[in-house]
Amino acid sequence: MAGGTLPGTATDEADGSDRVVFHVDMDCFYASCERLRRPELAGEPVVVGMGYEAGETIGAVATASYEARAFGVESAMPISEALDLLPRRVDADPDDPDAPDPEETGRYLPVDLDFYKEVASDVKAVLRDCADTLREVSVDEAYLDVTDRTAWDAAAGASAAAGPVEARTLAEGYARHVKQRIEREAGVPASVGVAPNMSTAKVASDADKPDGLVVVPPGSVASFLAPLPTAEIHGVGPVTERTLAEMGVETAADLAAADPDRLADALGERGPELCRRARGDDDREVTPTGLPKSLSRESSLSPTADEETKRETVAALAADVARRARERGCLYRTIGIKAVEPPYDVNTRARSLPGPVDDPDLVESVAFDLLAEFADDRVRKLGVRVSNLDFAESDQATLGGFEPGDGEGGGGGTASDRRHETRTRSTDADGGGGKLTDWVGDEPSAGEEDETDESRDRRASDRGDGQASLGDWE
């Protein structure tokens, strides 16, 4: 893992900012997920295809590992074209002189969206725990405002005037902590860019892939951006890059020095905005995209954990989820748990209530009821979720007659007041079972985000990690 705090400039210059923004970008996410459950793929060229079936030549490349990209395979390339550059490993027959060289072949796998979302939920659980403000751009990308968690101050024993190894900041140390937690708890690598603003953090996360960490402190932003080609500036896609090149603007320094009026004539309102970003001027705040659909927390544990350990874990998760719901001022209508059995058999159970509530004790009680089904099972992870959230200032439902532990027809009140329990089971790690998407509910749904500069940038940008966005395929 390379990177670090860029040296040579004090972090308290006049153009500095106290804000600390992380941009977390998962490296070749779909390929990393496949390696998580198939460790033998480590170091192998891996191509994950959308609309692709094993042995077929149709479909498109959703993501290609860095090893596959070395052969020219790129995101959104037709599978047939990718196969011309990188034949399938299964076609490498040592007894056939016309067969491809095994060293010049790769592994081709179909997309498994449910499994990738399951891994993404692990990543996002870490990010939500590490930042008070989180903007989820996609299943594999997010911005974090961690200003309240760390600072640009020099780390203990470091000096702002020291060399590149010694000039460490507290922000860099916290970024390393986040990276390490993602790899430890989700099992996949991430690149992190750290800067005083969103657009520079985005550029920094792309600067040292894969598994990179680049920190650009206040006062270093302009010098960091200046030598980069315009294509590296957040929001400059291939079309805009060509337009700028025709104007003689080829680097971020050129873009920063360009006449804003001339840029506006060529690019509209985006022109002056890109000019400001090339200068390191970006005052946008990290804001969540819409209200969450659910709140959840998960925790890994040893598959040998006994029943008491499972209950203790669920109790802690239930308390944390209920606390977060109360802090956000929301009520919830559904309480659920997730139990993941080795290796990746995902089981979810949920129980709906007659109306929205704010009741931490009830969350724990219902979670315990649902957990009882897995008392004798080996589980590697447990989770608790509240969903069907209500952010309106409505009255809380009266739950007279709702007694945790009753059967489907138990309790008082009318039939419409009685709880309804929903059960979904997924025992196919390859995505053939139930909907794991129901669990990954904290992210906004497609189309929920307004047409902001963030959404425009994402459509315009040629992603540096070579992976097609999950949202492009759903």
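In this predicted model, Pro210 lies in the loop that runs between helix H6 (198–206) and strand S9 (213–215). The bond leading into this proline deserves a look: the peptide bond from Lys209 to Pro210 is cis, and its omega is near -5°.

Helix H6, on one side of that loop, is mostly covered, as eight of its nine residues are buried. The buried set begins with Met198, Ser199, Thr200 and Ala201, and it continues with Lys202, Val203, Ala204 and Ser205. Lys202, with its place in this list, is thus counted among the buried residues of H6.

Attention can now turn to the backbone angles of two other loop residues. Cys28 is not a glycine, yet it has a positive phi of about 45°. This cysteine sits in the loop between strand S2 (21–26) and helix H1 (29–37). Is Cys28 buried or exposed? Its relative accessibility is 4%, and because buried means under 20%, Cys28 counts as buried.

Ala76 is also a residue other than glycine with a positive phi, here near 75°. Its setting is the loop between helix H2 (66–69) and helix H3 (79–85). How does the surface setting of Ala76 turn out, buried or exposed? Ala76 has a relative accessible area of 53%, and since exposed means over 50%, this alanine is exposed.

Taken side by side, Cys28 is buried, whereas Ala76 is exposed.

Notes: Residues numbered from 1 in each chain as written. Predicted model: local features only at pLDDT ≥ 70, side-chain atom pairs only at ≥ 80, totals over all residues. Heavy atoms only, no water. Helix = DSSP H or I, 4+ residues; strand = E, 2+ residues; numbered from the N terminus. Buried < 20%, exposed > 50% of the residue type's maximum accessible area, 1.4 Å probe, protein only.
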